[in-house]
Amino acid sequence: MKLLDGKKCAESLVGDIARKVAGYVASGLRKPHMTIILVGEHAPSESYVKSKIKSCENAGFDSALLRFPETITEAELLAKIEEINGDQSTDGLIVQLPLPKHINQQNIINAISPDKDIDGFHPTNFGRMTLGQKAFRPATAYGICKLLQFYEIPTRGKHCVVIGRSNIVGKPISIMLSNDFDIGNATVTLTHIETPRELLLDETRRADIVIVAVGIPGFVTEDMVREGVVLIDVGINRLEDGRIVGDVDFANVKNKCSWITPVPGGVGRMTVAALMINTLMAYQNNFHLS
Ligand code: NAP
C-alpha cells in the first residue's frame, strides 16, 4: 500500500504557482487576488477558510476575507457579490458553504461571475467542464485529478466507481473522469443512496479506482473492494472525540489498496491546491497571460 500524499502534492503544485507569480510580479504586474466571503460562525468553515488564506500566502497571492453575520439577508449578500464581480482587483471569489438556511445557496452560486468562479460551481463553468471546454473545474474533483496525475496513476480505460452524487464532488468527478481529459477516459459508474446494496458491492468489488464522498465514517469496508484498488477518500467527518476521519475504514482497508488517500492530508489539501490553480487561471485570463 502506498499513500497518495495530498500535502506533498499540494506543496509541489503551490510551489510551481509561486514561481510563476514571482515572475509576473517581477514584470510589474500586481499579485493574484482571492476574495473569500464567510457568513456566520461555523467551525469547519473557519478552518477551511484559514487553510485557503494560508495557501494564498504560500502561492504569493493576496487574499481578503469578508465576514458577514448569520443575519445577513440574501439580497444583501447578492449585492456584495455584485460589487466584487465588478472589482477588477479581485481575480477569484469564493462564498464559503454552507450558508445559513434562509439564504438560497444556488441563487448565490449563480450570482458569482463565471469569470471569478474559482470553486467551479457556477452553471456556466459546470456546463463548460461537462462539454470538455476550458472552465474552472470544481475544486475538489480537480484536486483529485491532479493527485492522480502527480502519482502517475492511469485512468484511461480504467473502471472507476464514484460513491455519492453531490454537485460539488461526486457528480463533477464522475464527469471529469469519463471525459476525454488528460486525467479521464475512464469508464465511470456513479452510485448514490438509491443504488441497491448488491449493485454497489458488484461495482466496487471490480473497480480499479473507487472514489467515496458520502460523509459517513467507515462507509467503505474491506469486503467492498478488491486487492490492488486505488481508493480516494473525500470524506471529512468530525467525530465526537474531536478526531477527523474519512469515509473509509482506513485501518482495515489500507492493506488491500495499491494506493489510498489519508484523511486528513489527502483530498482536502488538494481541494485548496486546485483553488490556487483556478485563481491563477482567472488572473492569467484577466491579464491575457498564458
Ligand atoms: P453530500 O452533499 O451530503 O452528498 C453525499 C452524497 O452521498 C449524496 O449524493 C448521497 O446520495 C450519497 N449517499 C449518502 N448515503 C449513501 C449511501 N448509503 N450509499 C450511497 N450513496 C450515499 O456530501 P458532499 O458535499 O459530497 O460531501 C461528502 C463528504 O466529503 C463529506 O464528509 C464532506 O465533508 C466531504 N468533503 C470533503 C471535501 C474535501 O476537500 N476533502 C470537499 C467537499 C466535501 P443522495 O444524493 O441520493 O442523497
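Which polar backbone atom is 3.2 Å from a nitrogen atom of the ligand? That one belongs to Val 234. Keep in mind that you're looking at a predicted model. Here's a quick tour: the ligand and its neighbours, then the domains, then the empty spaces in the protein.

**Around the ligand**

- The ligand has 21 residues around it, and the closest ones are Arg 165, Ser 166, Ile 193, Val 234 and Thr 271.
- Ser 166 brings a polar side-chain atom to 2.5 Å from an oxygen atom of the ligand.
- Asn 237 also has a polar side-chain atom by a ligand oxygen atom, this time at 3.3 Å.
- On its own, the ligand has 920 Å² of accessible area, and the protein covers 72% of that.
- If you sort the shell by residue type, you get eleven nonpolar residues, nine polar ones and one charged one.
- Helix H10, which runs over residues 267-286, gives the shell its largest share, with three residues.

**The domains**

- The domain assignment splits out two stretches: domain 1 covers 28-113, and domain 2 covers 139-268.
- Going by C-alpha atoms, the centres of domain 1 and domain 2 are 28 Å apart.

**The closed-off space**

- Search the whole structure for cavities of 30 Å³ or more and you'll find one.
- The largest cavity holds about 60 Å³ of space.
- Its lining is made up of Leu 93, Ile 94, Val 95, Leu 97, Ile 108, Ile 109, Ile 112, Asp 117, Asp 119, Phe 121 and His 122.
- Strand S4 (92-95) and helix H4 (105-111) each put at least two residues into that lining, and S4 gives the most, with three.
- By type, the cavity lining breaks down into eight nonpolar residues, one polar and two charged.

**The second largest pocket**

- This pocket has a volume of about 270 Å³.
- It's lined by 13 residues, of which Lys 20, Tyr 142, Lys 146, Ile 277 and Leu 280 are the closest to its centre.
- Helix H1 (6-26), helix H6 (139-150) and H10 each supply at least two of the lining residues.
- H10 turns up again here: five residues of the pocket lining come from this helix, the largest share.
- Seven of the lining residues are nonpolar, two are polar and four are charged.

**To take away**

- Helix H10 is worth finding in the structure, as it gives the largest share of the shell around the ligand and also the largest share of the lining of the second largest pocket.

Note on methods
Residues numbered from 1 in each chain as written. Predicted model: local features only at pLDDT ≥ 70, side-chain atom pairs only at ≥ 80, totals over all residues. Heavy atoms only, no water. Near = heavy atom within 4 Å. Polar contact = N/O pair within 3.5 Å; in protein donor to acceptor, adjacent residues only side chain to side chain. Areas by Shrake-Rupley, 256 points an atom, 1.4 Å probe, with all protein chains shown as cover. Helix = DSSP H or I, 4+ residues; strand = E, 2+ residues; numbered from the N terminus. Nonpolar A, V, L, I, M, F, W, Y, C, P; charged D, E, K, R; others polar. Domains from an automatic or database assignment. 1 Å grid on protein atoms, 1.4 Å probe; cavity = no way out; pocket = protein on both sides within 12 Å on 5 of 7 lines; lining within 4 Å. Points joined across faces, edges and corners; volume = space filled by probe spheres on them.
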